[in-house]
Amino acid sequence: MRRPVGAAAVTATALALALAGCGSDDSASSTSSRPELKVTGVYMPAPVTDTMAAGFFTVTNSGGTDTLTSVTSDLSADVTLHSTKDGAMEEEKSFAIPADGTLAFASGGNHLMFEKLTHRPREGEKVSLTLHFARTGTVKVSMPVKSATYNPKTGH
């Protein structure tokens, strides 16, 4: 003998299935959420030539993914993004910033290259930068010029 399924039972089953489909996938939600970027550890070692300099910083992201697409500065019309792989420097078009992750620009790794400088910045000077991100837009930072041998781990 077959029992008729009541409307309440059908409704309850449909509701349970609908709620199961609304579960949160952390990876999908973090990539679709807005990036929340913080730029720290910004510095430029005092350049040893009049034509070229490097720059370093860290971007910490406590939101969804973003991409650093370019950097502009009044110090140089030619600021490029570089990575260092197996000891070789390579120019990059952009750098991904993972959701809830970091992007580090550090000596021996990712870095900025400033070419054809408008002037040779001296220790104690500050260089203005604008970081351009695909989702966040622009972020302006002030890059202090440190000694040519500055090490951020020791502060000297």
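The exercises below, each with a worked solution, concern one predicted protein model.

Residues are numbered from 1 along each chain as its sequence is written, and side-chain values use heavy atoms, with hydrogens and water left out. In this predicted model, local features need pLDDT of at least 70 and side-chain atom pairs count only at pLDDT 80 or more, while totals for chains, interfaces and linings use all residues.

**Exercise 1. Secondary structure and burial**

State how many helices and strands the protein chain has, in which order they run, and what share of its residues is buried.

Solution.
- Step 1. Helices (H or I, at least four residues) and strands (E, at least two) are DSSP runs, numbered from the N terminus. The protein chain has two helices and ten strands.
- Step 2. From the N terminus on, the order is α-α-β-β-β-β-β-β-β-β-β-β.
- Step 3. Buried means under 20% relative accessible area, exposed over 50%, and partly exposed in between (1.4 Å probe, protein chains only). Of the 156 residues in the protein chain, 33% are buried.
- Step 4. Contact means heavy atoms within 4.5 Å. Among contacts between residues at least 6 apart in sequence, 70% join residues at least 24 apart.

**Exercise 2. The nonpolar cores**

Identify the residues of the largest nonpolar core that touch the most other members, and the strand that supplies its largest share.

Solution.
- Step 1. A nonpolar core is a set of buried Ala, Val, Leu, Ile, Met, Phe, Trp, Tyr and Cys residues joined through side-chain atoms within 4.5 Å.
- Step 2. The largest such core has 25 residues, and Phe57, Leu68, Leu112, Phe114 and Met143 touch the most other members. Strand β9 (residues 126-133) gives the largest share of this core, four residues.
- Step 3. A second, separate core has five residues, among them Tyr43, Ala54, Met113 and Tyr150.
- Step 4. Take Leu68 and set aside residues up to four places away in sequence: its contacts include Phe57, Leu81, Phe95, Ile97, Leu103, Phe105, Leu131 and Phe133. Ser94 and His132 are also touched by Leu68.

**Exercise 3. The largest pocket**

Give the volume of the largest pocket and describe its lining.

Solution.
- Step 1. On a 1 Å grid over the protein atoms alone, a pocket is an open set of points where a 1.4 Å probe fits, with protein on both sides within 12 Å along at least five of seven lines; lining residues have an atom within 4 Å of a point.
- Step 2. Grid points are joined across faces, edges and corners, and a volume is the space filled by probe spheres set on the points. The largest pocket comes to about 230 Å³.
- Step 3. There are 15 lining residues, of which Tyr43, Phe56, Ala106, Ser107 and Pro152 are the closest to the pocket centre.
- Step 4. At least two lining residues come from each of β1 (37-45), β2 (52-61) and β7 (102-105).
- Step 5. Ala, Val, Leu, Ile, Met, Phe, Trp, Tyr, Cys and Pro count as nonpolar, Asp, Glu, Lys and Arg as charged, and the others, Gly among them, as polar. The lining then divides into ten nonpolar, four polar and one charged.

**Exercise 4. Salt bridges**

Locate the salt bridges and state how exposed Arg120 and Lys85 are.

Solution.
- Step 1. A salt bridge is a side-chain nitrogen of Lys or Arg within 4 Å of a carboxyl oxygen of Asp or Glu. The structure holds two.
- Step 2. One joins Asp50 and Arg120 (3.5 Å, N to O). The pair links distant parts of the chain, 70 residues apart: Asp50 is in the loop between β1 and β2, and Arg120 in the loop between β8 (111-115) and β9. Arg120 is partly exposed, at 29% relative accessibility.
- Step 3. The other joins Glu92 and Lys85 (3.3 Å, N to O). Lys85 is partly exposed, with a relative accessible area of 43%.

**Exercise 5. Positive phi**

Place Asp86 and Lys116, and classify each as buried or exposed.

Solution.
- Step 1. Most residues other than glycine have a negative phi.
- Step 2. Asp86, not a glycine, has a positive phi of about 50°. Asp86 is in the loop between β4 and β5, and its 85% relative accessibility makes it exposed.
- Step 3. Lys116, also not a glycine, has a positive phi of about 55°. Lys116 is in the loop between β8 and β9 and is exposed, at 66% relative accessibility.
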